[in-house]
Amino acid sequence: QVHLVESGGGLVQPGGSLRLSCTASGVIFSRNDLGWFRQAPGKQREMVARIAYYGSTDYAESVKGRFTISRDIAKSTVYLQMNRLKPEDTAVYYCHVIGSGNWGQGTQVTVSS
């Protein structure tokens with residue numbers, strides 16, 4: 001049974017940094033692509049970053065150069081390092097096993113002065 005738990009969200013000033021973590025129990029990292037998605041109020045959920053089962057990464061244009069996705073297979077954890085945060089990054093961030101119906105509960109990120 002897959003269970004995804006995000007953590008690390010919070011309130012940060014513009015230009016600041018946060019690191020999100022997603023503990024993914026029941027997920028075989030060597031067989032699954034994992035991603036971070038976000039949903040802002042009144043907007044559709046969108047992909048932020050993804051990491052393929054073989055390790056390659058992909059990012060939304062809006063976060064390229066600022067966000068980094070990584071994973072620690074031994075800890076069954078995927079991370080999202082977010083730097084130079086902007087107010088438009090404010091959203092609930094979700095961990096997702098791509099191609100499945102498995103989502104975490106989300107963690108709120110608010111970028112505001």
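Me: Two strands pair if DSSP finds at least two bridges between them. What makes strand 7 and strand 8 a pair in this structure?

Reply: This is a predicted model, so everything here is computed from it. Strand 7 (67–72) and strand 8 (residues 77–82) share 6 bridges. Pairing needs at least two, so they qualify. The sense is antiparallel, and D72 stands opposite T77 in strand 8.

Me: Why is strand 7 called an edge strand?

Reply: Strand 7 pairs on one side only, and strand 1 (3–7) does likewise. They belong to an open sheet of 4 strands, ordered 1-3-8-7, with antiparallel pairing. Neighbouring strands in that sheet are turned by 15 degrees against each other on average, ignoring direction.

Me: How do you know which strands pair with strand 10, and in what sense?

Reply: Count the bridges again. Strand 2 (residues 10–12) has 3 bridges to strand 10 and runs parallel to it, with G10 partnered by V109. Strand 9 is also joined to strand 10 by 3 bridges, but those two run antiparallel; there, Y93 has T107 as its bridge partner. At least two bridges are required, so both count as pairs.

Me: What makes the side chains of strand 10 an alternating set?

Reply: Look at which way they point along residues 107–111. T107, V109 and V111 go to one face and are buried, while Q108 and T110 go to the other and are not.

Me: Why is the link between C22 and C95 called a disulfide?

Reply: The two sulfur atoms are 2.2 Å apart. The cut-off is within 2.5 Å, so the pair passes. The count for the model comes to 1 disulfide. Its angle about the S-S bond is -85 degrees, which is left-handed. C22 is in strand 3 and C95 in strand 9, so the link ties together parts 73 residues apart in sequence.

Me: How do you know whether C22, C95 and H96 are buried or exposed?

Reply: Buried means under 20% relative accessible area. C22 comes out at 0% and C95 at 0%, while H96 is at 6%. Each value is under the limit, so they count as buried.

Me: What does H96 reach with its side chain?

Reply: From strand 9, the H96 side chain comes to 2.8 Å from the backbone oxygen of N102. That is within 3.5 Å, so the distance fits a polar contact. The wider contacts of H96 include L4, D33, L34 and W103.

Me: Where is D33, and what makes its approach to Y53 a polar contact?

Reply: D33 is in the loop between strand 3 (18–25) and strand 4 (34–39). A polar atom of its side chain lies 2.8 Å from the backbone nitrogen of Y53, again within the 3.5 Å cut-off. D33 also touches R50, I51 and H96, among others. S76 is another matter: its C-alpha is 13 Å from that of D33, and the two are 43 residues apart in sequence.

Me: Which residues touch the most other members of the largest nonpolar core?

Reply: W36, L80, M82 and Y93, out of 29 residues. Strands 3, 4, 5, 7, 8, 9 and 10 each supply at least two residues of that core. Y93 touches the other three, W36, L80 and M82, along with residues including E6, L20 and F67. In soluble globular proteins, nonpolar side chains tend to be buried together.

Note on methods
Residues are numbered from 1 along each chain as its sequence is written. This is a predicted model: local features need pLDDT of at least 70, side-chain atom pairs count only at pLDDT 80 or more; totals for chains, interfaces and linings use all residues. Side-chain values use heavy atoms; hydrogens and water are left out. Axes are lines fitted to C-alpha atoms, for helices over the stretch in contact, and angles run from 0 to 180 degrees between N-to-C directions. Contact means heavy atoms within 4.5 Å. A polar contact is a pair of N or O atoms within 3.5 Å; within protein, one must be able to donate a hydrogen and the other to accept it, and residues adjacent in sequence count only if both atoms are side-chain atoms. Buried means under 20% relative accessible area, exposed over 50%, partly exposed in between (1.4 Å probe, protein chains only). A nonpolar core is a set of buried Ala, Val, Leu, Ile, Met, Phe, Trp, Tyr and Cys residues joined through side-chain atoms within 4.5 Å. Lists of a residue's contacts leave out its neighbours within four places in sequence.
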